[in-house]
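Work through the exercises below with the sequence and the model at hand. Each task is followed by its solution.

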Amino acid sequence: MGSVTSGSVAKTFFRHLFMGFGSALVLSLYSVVDAIMVGRYEGEEGMAAVATIVPIWTIALSIGLLFGIGGATRIASALGAQKEKKARGYFTVTMILLLAVSLLAWVVLLFFDEALLSFFGAEGRTLKLALRYVLPIKWVLPFVIFSQALTSFVRNDGSPLYASLAVIVGGVGNIVFDYLLVFVFDLGIYGAGIATAGSECLTCLLLLVRLFLFPKRLRLARPSAFFQRSAEVLASGFPSFVIDAATGIVAVFMNRQIVTCFQGEEALAIYGVIGQFAFVALSFSYGLAHASQPLIGANLGAHRPKRVRKLLGLGTASAAVLGLIFTVAALLFPEQLASLFLTNPEPSILEAASNYILPYAGTFFFLTLNVFWAYFFIATYNTGLSVVISLCRSILLPLLFIYLFPLFLPPLSLFYAMLAVEGLVALIGGGAIVFLLRKKPSRLLGTERPNVPIASPASSGELPPSE
């Protein structure tokens, strides 16, 4: 871990960020390509179906992050403190938990897929299309969940480039087979589901090969202190679970309210477009957060608070720039976004796209900041703060604003609700960081450890200069 806890902080950060953005780009590309193929083949009903599938997809990914980030946070800190045996213990316990929960989620989706999609807002032909898309995915759901968790483990085992390449290979495969199965073999939305399921299996296989055939520091070991370590992993991972699940939970609220407030599938189809653009923003936000997490955890474990502070600054600035890019893109090109996902949309659809996307645009600026800060709190063991941010983003404020705005304001106000949610959460998260840096910096940065040992007990008592 020497290269992570010494040398140029900025150089190390941007090297990891570049690799994180590489995998995020491919992940978002193949999701967007998936939606584009479906929208152009199935039309508005296809995009409406995509909108109702988002909750299932994000909840599956959030389970992977629950254990991937929860385990990786503990692993990174242990490796930073040069405690490899402890790191392997966390790795083993996390893998056992991951397997058990993945199998449970698999059973739920196998038997209750139609009930879930109906609850998420699908009905009529939209429900039929959503079921066709989910059919191949539900049979390989454990691979979808594992691929998310294993990416974090491979990064923490010293191979961030390999982790990114595994995601890239799976993503490129998905894009190629999307086109072949949807259009060449004329399978439509069902072909898109097959391509997505296959790409997740491929990524998972590549990550398993790296971890178990060519391990570096992480290996399975006989589990000890199982329940204690399970509780620690879950405590560290729960905020990241809620962060990612927030997308699915909010999508449920929005889908149901859109069906209530607007007639027809037009608004739901446009929200499907917004959801895809939001997924791209989230993918890059996760790329930033996941690239930063092992660096923050390792430097915290190695007692390098100045480096942790620099990583906080670099991450916050990067998140702000990233969010600004997505906000400006949504403000300038709402009709182009709709045209990208729909074949020859009617003028009314393009007008609706502007009406619905423009109010939502500012959400992306605050979203990227909130995701990074929540993950920073996880990496520094401020799980309480991360839970507050995550719950406010996923349940408390969305439930309040999404239902109250249309009740007292015009229906269009529904698309301002998430801007209010993310903006208020950003005030809470940013305020907490400023307060802690001024009043309780050790809560965020840890305690400085001298770089050189004290020569003898008879020394002057002054600590040697630290980094």
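**Exercise 1.** State how many cavities of 30 Å³ or more the structure holds, and describe the lining of the largest.

Solution. Step 1: this predicted model holds four cavities of 30 Å³ or more. Step 2: the largest cavity has a volume of about 430 Å³. Step 3: its lining consists of 30 residues, and V54, T58, T247, G275 and F279 are the closest to its centre. Step 4: two or more lining residues come from each of α2 (9-42), α3 (44-80), α9 (226-261), α10, α14 (363-379) and α16 (417-439). The largest share, eight residues, belongs to α10. Step 5: by class, the lining has 19 nonpolar, eight polar and three charged residues.

**Exercise 2.** Describe the second largest cavity in terms of its volume and its lining.

Solution. Step 1: its volume is about 270 Å³. Step 2: 21 residues line the second largest cavity, with L27, Q148, T151, V167 and H290 nearest its centre. Step 3: at least two lining residues each come from α2, α3, α6 (141-156), α8 (188-213) and α10. Step 4: the lining divides into eight nonpolar, ten polar and three charged residues.

**Exercise 3.** Determine how α10 and α13 are oriented to each other.

Solution. Step 1: α10 (residues 266-301) and α13 (residues 347-360) pack at about 55 degrees, their axes 10 Å apart. Step 2: the two helices are therefore oblique to each other. Step 3: the crossing of α10 past α13 is right-handed. Step 4: residues making the contact include I270, Y271 and I274 of α10 and A352, Y356 and Y360 of α13. Step 5: the contact residues comprise eleven nonpolar, one polar and one charged.

Technical notes. Residues are numbered from 1 along each chain as its sequence is written. This is a predicted model: local features need pLDDT of at least 70, side-chain atom pairs count only at pLDDT 80 or more; totals for chains, interfaces and linings use all residues. Side-chain values use heavy atoms; hydrogens and water are left out. Axes are lines fitted to C-alpha atoms, for helices over the stretch in contact, and angles run from 0 to 180 degrees between N-to-C directions. Helices (H or I, at least four residues) and strands (E, at least two) are DSSP runs, numbered from the N terminus. Angles under 35 degrees count as roughly parallel, over 145 as roughly antiparallel, 65 to 115 as roughly perpendicular and the rest as oblique. A crossing is left-handed if the near helix is turned anticlockwise from the far one by less than a right angle, and right-handed if clockwise. Contact means heavy atoms within 4.5 Å. Ala, Val, Leu, Ile, Met, Phe, Trp, Tyr, Cys and Pro count as nonpolar, Asp, Glu, Lys and Arg as charged, and the others, Gly among them, as polar. On a 1 Å grid over the protein atoms alone, a cavity is a set of points where a 1.4 Å probe fits but cannot get out, and a pocket is an open set with protein on both sides within 12 Å along at least five of seven lines; lining residues have an atom within 4 Å of a point. Grid points are joined across faces, edges and corners, and a volume is the space filled by probe spheres set on the points.
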